[in-house]
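I opened this notebook to keep track of what I looked up, entry by entry. The structure comes before the notes.

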Amino acid sequence: MTSTFPNISISTERLVLRPLDEDDIAAMAEMMNDEQVAAWTSVPQPFTQDNARAWITGHAPAERAAGRGLDLAVTEFLTQRLVGVIQLGKTNWRVRSTELSYIVASWARGEGYASEAALATAQWLFTDQRFERIELRTAADNTASQQVAQKIGCISEGVLRNACIARTRAEDGTWADTRTDFIVWSLLPEDLEGAGEQLSDSGSFTSYSAYTDWN
C-alpha cells in the first residue's frame with residue numbers, strides 16, 4: 001500500500017503553511033515570473049496563470065495521492081498573502097526520507113521566511129511523520145538557498161558534479177540552460193536539535209493540525 005502525507009496545516013509565529021488552492025493562482029503566477037526563480041528552478045518561463053492552475057489542481061494533488069510528495073502554500077499569518085511554496089518530493093516511505101525544496105516571492109526575501117517554513121516542515125516530518133532523513137539540493141552558485149540549508153541545521157554531504165541545469169539570460173532576453181553542480185545537504189532528527197531549540201525560543205513554531213477541507 002502506498003503511503004501518503006496527511007492533509008495538514010502548519011502554523012508558525014509569522015506563517016501558515018497550508019494546501020495550495022485556486023485562490024493562489026494569480027499570486028503563484030506572479031511569484032514564479034521572477035529572475036531568481038527562473039534561474040534556479042525548472043518552472044516554465046514565462047509562468048502563466050494556466051501553469052499555476054495546472055500545478056495547483058493537477059500536479060500537487062497527483063503527487064500527494066501517489067505518495068511522492070506534498071506541496072504547501074506558505075502564507076503570512078496576518079495578511080494571508082502568498083509568501084512562497086514548500087515542496088516535498090522523491091519520498092521513500094520505507095527509508096522514511098524525502099527531498100525538501102522552497103521558493104520565496106521576491107518581495108518576501110530577506111525576512112527569514114524560507115528558513116522558518118523549512119524548519120517548521122522538518123520538525124513536523126521528524127516528530128509527527130517519524131521521518132529519518134530530509135535531503136536538500138542546491139545549485140553550486142545559489143548562495144541564498146545554501147544559507148537557508150545551513151540555517152536550519154543541514155549538513156553538506158558532497159557535490160554531484162554537472163548534475164544541475166540552471167538558466168541564464170541570453171543577450172536576446174531569452175533563457176539559456178547552463179550546467180552546474182548540485183550541493184547535497186541532509187537533515188536528520190538529531191541535527192534539528194539546536195535549530196529547533198532556537199525556533200522554540202523565538203516562539204516561531206506553534207502548531208500543526210489536520211486540514212480536513214482539503215480534497
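I began with the cysteines, keeping in mind that this is a predicted model. C164 counts as buried, because its relative accessibility is 4%, which falls under the 20% limit. I then looked up C154, which also counts as buried, with a relative accessibility of 8%. When I searched for pairs of cysteine sulfur atoms within 2.5 Å, the count came to 0 disulfides.

Next I turned to the helices and asked at what angle helix 1 and helix 3 cross. Helix 1 covers residues 25-32 and helix 3 covers residues 49-65, and I noted that their axes come within 8 Å and cross at roughly 115°. Angles of 65 to 115 degrees count as roughly perpendicular, and so I entered helix 1 as roughly perpendicular to helix 3. The crossing in which helix 1 passes helix 3 is right-handed. Which residues make this contact? From helix 1, I listed I25, A26, M28, A29 and M32, and from helix 3, I listed Q49, A52, R53, W55 and I56. Sorting the residues of this contact between helix 1 and helix 3 by type, I wrote down 8 nonpolar, 1 polar and 1 charged.

I then went to D24, which I found in the loop between strand 2 (15-19) and helix 1. Is D24 buried or exposed? I recorded D24 as buried, because its relative accessible area is 5%. Leaving aside residues up to four places away in sequence, I found that D24 touches R18, P19, I56, A73 and L82; of these, I56 had already appeared in my list for the contact of helix 1 with helix 3.

My last entries concern the backbone, where I kept in mind that most residues other than glycine have a negative phi, and most peptide bonds are trans. Between Q45 and P46 I noted a cis peptide bond, with omega at about -5°, and P46 is found in the loop between helix 2 (35-40) and helix 3. I also checked Q80, which is not a glycine and yet has a positive phi of about 65°. Q80 is found in the loop between strand 3 (70-76) and strand 4 (82-92), and I entered Q80 as exposed because its relative accessible area is 64%. N162 is likewise not a glycine, and its phi is positive at about 60°. I located N162 in strand 7, which covers residues 155-169, and at 45% relative accessibility N162 counts as partly exposed.

Notes:
Residues numbered from 1 in each chain as written. Predicted model: local features only at pLDDT ≥ 70, side-chain atom pairs only at ≥ 80, totals over all residues. Heavy atoms only, no water. Buried < 20%, exposed > 50% of the residue type's maximum accessible area, 1.4 Å probe, protein only. Axes fitted to C-alpha atoms, helices over the stretch in contact; angles between N-to-C directions. Helix = DSSP H or I, 4+ residues; strand = E, 2+ residues; numbered from the N terminus. Parallel < 35°, antiparallel > 145°, perpendicular 65-115°, else oblique. Left-handed = near helix turned anticlockwise from the far one by under 90°. Contact = heavy atoms within 4.5 Å. Nonpolar A, V, L, I, M, F, W, Y, C, P; charged D, E, K, R; others polar.
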